[in-house]
Structure formats: C-alpha cells, structure tokens
Amino acid sequence: MDPQDLANCREIHAGLMAKERNTINYLFLEPVETTYFPEYLKVIKKPMDLRTLKENLEAGKYTAKEEFYADAQLIFDNAIAFNKDRDSKFVVDLAKRMIRAFDRLKKKTEAATAKKNGGDSASNTSASTGGGTKKIKLKLKRNSSILSASSSTEEASSGTGGVAPPPNKKAKKVKLKLSLGKNASKSESKSSRSNSPASTTPI
C-alpha cells in the first residue's frame, strides 16, 4: 500500500476508535461472540470488527486503501444484516451512525491528501515557470545590448559617410574619438592659460 494511503487508513481507524465515539462504537470493537449467537455465521459469511481491521492493516494484508475501506464498511453492514429482523434494532441505528462517521473520516483524509498533492504540484509548476522567466529576462537583456550597440553605430556612421563598421569596433572608435577630444580640449585650455599675460592686479 502507498505510504500516504497507509497513514490515511490509520487515521481513519483511530477516528473510528476515538473516545468521542465510545457511545456508538462499543459493539464493533471486538469479534462477535458466536457462543452467544450460534446462528451468526449462518447469516454473516465474512465477520469483521475494528480490532481485526487494525491487525490486518498492520500485517500488510491490504494492498490498497480500497481493500481497507471495504472491510471497514463490512463491519457495519454485517451488523445491519444480522440485526435488521431482530429485536435489537438499536444495533442497526448504531451501525448507521458509524457508517456516517466513517464516510466523514474518509472525506477528511482524502481532502487533506489532495490539498497536499495540489500544493506540491503548484510548487513544482512555480519552479518550472521561474526557470522560464530567467531565460526570458536574459533574452531581453541581450536584445537590449544589441539595440544599444546598433544605436551607437548609427550615430557614429552619420558623421562618416553613412558606412557603419561592425558595432563593437565602431563603439571602441567612438570612445577613442571622445577621449581624444577631451584631451585636446584640456591641452588647449592649458596652452591658453600659459600664453596669457600674468595678472597685473596690484597686491
């Protein structure tokens, strides 16, 4: 049996045995005493009770949760089948209440499992989507770099007859020209200061 299903079956069994159900589960805790009811085995072909259900579960006799569910349901179906035409009609009422409790426990555990599995699936999907987002960002970054290089090339080529060399080479030439231009400006500024007459303002 799947480990998660095994855990769920244990939880269901514990719920059926819970103290808050002591007033309705006491007739189903142990096997029926056939000494007091010798006709029981003539009516019921497969006896079942909560103790035997637990022993079977822990012994690994159930290969799927559905097999466990079937035996759990059998406990209460047997009680109804044996007592429906007898004076002990209250047993039928207790069995029906236990069936309702069993159904609620099944729905609760299965809903919790579905929620857990859904969360794991959403987490995996998010991780996968995150990877895709990184690729998209990288692609946009590369495109923007190409666009920037292209723009620099166009601006530079407008002053050189409109013939643009490759983007990287042109970008380097543009930077070189700008650098030379700045150095030239600094040189001219120094030259003009050295050639200008000294200040004649009296001290």
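Reader: Why is Asp71 counted as buried?

Author: Asp71 has a relative accessibility of 7%, and buried means under 20% relative accessible area, exposed over 50% and partly exposed in between (1.4 Å probe, protein chains only). Asp71 therefore counts as buried. The model is predicted, so local features need pLDDT of at least 70 and side-chain atom pairs pLDDT 80 or more, while totals for chains, interfaces and linings use all residues. Residues are numbered from 1 along each chain as its sequence is written, and side-chain values use heavy atoms, with hydrogens and water left out.

Reader: What makes the contact of Lys46 and Asp71 a salt bridge?

Author: The N to O distance between their side chains is 3.0 Å. A salt bridge requires a side-chain nitrogen of Lys or Arg within 4 Å of a carboxyl oxygen of Asp or Glu, and the pair therefore qualifies. The pair links distant parts of the chain, 25 residues apart: Lys46 belongs to the loop between helix H3 (40–43) and helix H4 (50–58), and Asp71 to helix H5. Helices are DSSP runs (H or I, at least four residues), as strands are (E, at least two), numbered from the N terminus. Lys46, at a relative accessible area of 44%, is partly exposed.

Reader: How do you know that Asp103 and Lys106 form a salt bridge?

Author: Their closest N and O atoms are 3.9 Å apart, which is within the 4 Å limit and therefore satisfies the criterion. Because Asp103 and Lys106 are 3 residues apart in helix H6 (residues 89–157), about one helical turn separates them. Asp103 is partly exposed, at 31% relative accessibility. Elsewhere, salt bridges with shared partners join Arg10, Lys54 and Glu58 into one network.

Reader: Where do Glu58 and Lys54 lie, and what joins their side chains?

Author: Both residues lie in helix H4, 4 residues apart, about one turn of the helix. A salt bridge of 3.0 Å, N to O, joins their side chains. Glu58 is partly exposed with a relative accessible area of 39%, and Lys54 is partly exposed at 28%. A search of the whole structure finds 7 salt bridges.

Reader: Why are H4 and H5 called roughly antiparallel?

Author: The two helices pack at an angle of about 170°, with their axes 10 Å apart. Axes are lines fitted to C-alpha atoms, for helices over the stretch in contact, and angles run from 0 to 180 degrees between N-to-C directions. Angles under 35 degrees count as roughly parallel, over 145 as roughly antiparallel, 65 to 115 as roughly perpendicular and the rest as oblique; H4 and H5 are therefore roughly antiparallel. In contact (heavy atoms within 4.5 Å) are Leu50, Leu53, Asn56 and Leu57 of H4 with Phe68, Asp71, Ala72 and Ile75 of H5.

Reader: How do you know that the span of H5 agrees with its number of residues?

Author: The expected span of a helix is 1.5 Å times one less than its number of residues. For the 19 residues of H5 (residues 65–83) this gives 27 Å, and the end C-alpha atoms are 28 Å apart, which agrees. H5 also has a kink of about 25°, centred on Ile75, the bend being the angle between axes fitted to the seven residues ending at a residue and the seven starting there.

Reader: What makes Phe90 partly exposed?

Author: Its relative accessibility is 47%, and Phe90 therefore counts as partly exposed. Phe90 lies in helix H6 and touches Tyr26 and Leu27, not counting residues up to four places away in sequence.
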